[in-house]
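User: I'd like to learn how to read strands, sheets and helix packing in a model like this one. Can you walk me through it, general idea before the particular case?
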Amino acid sequence: MSSIAQHTTLIRNAAAIMTGARPLNGCPARISSPDIRIRGEIIEAIGQLSPLPNEKIIDATDCVVYPAWVNTHHHLFQSLLKGDPLGINASLTEWLATTPYRFRASFNEQRFRLAVRLGMIELIRSGCTTIADHNYVYYPQMSFDSSAILFEEAEKLGIRFVLLRGGATQTRQLEADLPSALRPETIDSFISDIERLTAQYHDPSPRAMQRIVMAPTTVLYCISPHEMRQTAATARRLGLRMHSHLSETVGYQDSAYQMYQKSPVAFCGEHDWLGPDVWYAHLVKVDADEISMLAQTGTGVAHCPQSNGRLGSGISPISDMAKRGVPISIGVDGAASNEAADMISEVHMTWLAQRARLGMDALPNFRGGSYEGGANAASVEDVIHWGTAGGAQILGLPEVGQIASGYSADIAVYRLDDPRYFGLHDPAIGPVVSGGRPYLKALFSAGQQIVHDDQIKDVDLMALGIETRAAVKALLNDMA
């Protein structure tokens, strides 16, 4: 067998290919060519291609091809905390106390690893190969290394992993009386661990499979203003990006004005936490001046519409932000506030929610209205871009997230053979507009096929279900 045949794969005869490119920026959002050749880790060619001798062929007849999704905000440990009855009807602050904080002390190494693996598998089955996890399971005298577990499980599954290293040096009152697993770190230990992780895992290359990000859990609450500047300086010295939660609810606005007499975004800007190397999860409650600051500084957002809807937080104005030039990406957030923690559900909700948000502002003509509804708020192409190339750009991975020559071969091949996709006039948009979970004929991560005919290698879903049900039962027994 020739070296060419050993290192190339041809995805052939696709019904449609969506590229992930930004609509209207000169690069096509979809292409009519039916074939894609992968050589090694990258996309070599797109077009009407003839097979090479002994080349591996993926028959994509009647399939649609997307860039693999890029998830820019998750909490994988919460994968064992779905549908907690005490938190199912709670808004953010109450939910934090009743669900993730209440159970956190019960996560030993085995449960943490199982939750991480479950969450990654759920994402992979939706066509996601890049996961940025905002892990905040850190506390003094921990008996296991949660960071190492995350990287180990990602490597086993063959996916790209970005550790958003969370943590806190101070607590809010709702955490104060809870177990040692919620006790804060010192700023010195936090920074020391960031330096350790950077030396061990961080790869600055444009298609890196492992990255570290400076990510105090919630900068407004979990570190001091002085420590914000200290963490920002450390991140920039080490060449790391920066991430945190911000403005998820009106509570952030109340706190920022009460403590600092400033909006949350303005406060972050005064403490070195705005810029093209920074992105925030949520940004649901932001005013026009804050959007201007985000746009002017190039600060991005991880939009998490299902979690924001589930907790009743609202709908982030990402369509308005995008028009102003704010970098947009999509994140799943934790499964404890998003019981369908996969990217297909998330992009489907993104497409619907932006239209609903604009439609809610519509007024009748006699009251000064000028439009009937918000169906022009976000196109399918917008949503695909935000969930792929947009996310990769925010993560600092410029050669990821797009189907184009020279990019990392992260490719999802969907077969739309479920009745929910039947009758589509334009099959290319099916995964976004119809939702559900399309049959994943093939999924490539950096050129390696990690899903074959809807199956992940070495993953027994029945056994995984049995194990996770037993783990949930044990967690509930701990609370009894």
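Analyst: Happy to. Let's begin with one strand pair: strand 2 (residues 16-18) runs parallel to strand 7 (residues 63-67), and the two are joined over two bridges. Within that pair, Ile17 has Val65 of strand 7 as its bridge partner. Keep in mind that this is a predicted model.

User: What holds strands of a sheet together, in general? And in what order do the strands sit in the open sheet of seven?

Analyst: In general, backbone hydrogen bonds do the pairing, in either a parallel or an antiparallel arrangement. Here, the open seven-stranded sheet reads 3-2-7-16-17-18-19, and its pairing is mixed. At the edges you find strand 3 (30-31) and strand 19 (455-456), each with pairing on one side only.

User: Which strands make up the open sheet of four, and in what order?

Analyst: That one goes 5-4-1-6, again as an open sheet with mixed pairing. Its edge strands are strand 5 (42-47) and strand 6 (56-59), which pair on one side only. On average, neighbouring strands of this sheet are turned by 20° against each other, direction ignored.

User: In which sense do strand 4 and strand 5 pair?

Analyst: Antiparallel: strand 4 (residues 35-39) and strand 5 share five bridges. To follow the register, put Ile36 opposite Ile46 of strand 5, and Asp35 against its bridge partner Gly47. The two strands form a hairpin with two residues between them, and Gly40 there has a positive phi near 60°.

User: Now strand 9. Is it buried or exposed?

Analyst: Count residues. The cut-off for buried is under 20% relative accessible area. For strand 9 (residues 128-135), eight of the eight residues are buried, so the rest of the structure largely encloses this strand.

User: Which strands pair with strand 9?

Analyst: Strand 8 (residues 69-74) pairs with strand 9 in the parallel sense over four bridges, with Asn71 standing opposite Ile131. Strand 10 (residues 160-165) also pairs with strand 9 in the parallel sense, over six bridges. In that pairing, Asp133 has Leu163 of strand 10 as its bridge partner. To get from strand 9 to strand 10, the chain goes through helix 5 (residues 146-157), giving a right-handed β-α-β crossover.

User: Let me pick a residue in helix 5, say Phe151. Is Phe151 buried or exposed, and what is it in contact with?

Analyst: Phe151 is buried, at a relative accessible area of 3%. Setting aside neighbours within four places in sequence, the contacts of Phe151 are Phe161, Leu163, Tyr201, Gln210, Arg211 and Ile212. Leu163 is familiar: that's the strand 10 bridge partner of Asp133. For sequence versus space, take Phe151 and Gly167: they are 16 residues apart in sequence and 17 Å apart in space, C-alpha to C-alpha.

User: On to helix packing. What describes two packed helices?

Analyst: Two things: the angle between the axes and the distance between the axes. Try helix 7 (residues 187-201) and helix 9 (residues 225-238), whose axes come within 11 Å and cross at roughly 15°. Angles under 35 degrees count as roughly parallel, and helix 7 and helix 9 are therefore roughly parallel to each other. Their crossing is right-handed. Helix 7 contributes Ile187, Phe190, Ile191, Ile194, Glu195 and Thr198 to the contact, while helix 9 contributes Glu227, Gln230, Thr231, Thr234, Arg237 and Leu238.

User: Where does Thr234 sit, and how far is it from Ile191?

Analyst: Thr234 lies in helix 9 and is buried, with a relative accessible area of 7%. Between Thr234 and Ile191 there are 7.6 Å in space, C-alpha to C-alpha, though they are 43 residues apart in sequence. Neighbours within four places aside, Thr234 is in contact with Ile191 and Met214.

User: How do helix 4 and helix 19 cross?

Analyst: The axes of helix 4 (residues 109-124) and helix 19 (residues 461-479) come within 11 Å and cross at roughly 135°. These helices are therefore oblique to each other, and helix 4 passes helix 19 in a left-handed crossing. Among the residues making the contact are Leu114 and Leu118 of helix 4 and Leu464 and Ala471 of helix 19.

Conventions
Residues are numbered from 1 along each chain as its sequence is written. This is a predicted model: local features need pLDDT of at least 70, side-chain atom pairs count only at pLDDT 80 or more; totals for chains, interfaces and linings use all residues. Side-chain values use heavy atoms; hydrogens and water are left out. Buried means under 20% relative accessible area, exposed over 50%, partly exposed in between (1.4 Å probe, protein chains only). Two strands pair if DSSP finds at least two bridges between them. A crossover is right-handed if, with the strands pointing away from the viewer, the path from the first strand over the helix to the second runs clockwise. Axes are lines fitted to C-alpha atoms, for helices over the stretch in contact, and angles run from 0 to 180 degrees between N-to-C directions. Angles under 35 degrees count as roughly parallel, over 145 as roughly antiparallel, 65 to 115 as roughly perpendicular and the rest as oblique. A crossing is left-handed if the near helix is turned anticlockwise from the far one by less than a right angle, and right-handed if clockwise. Contact means heavy atoms within 4.5 Å.
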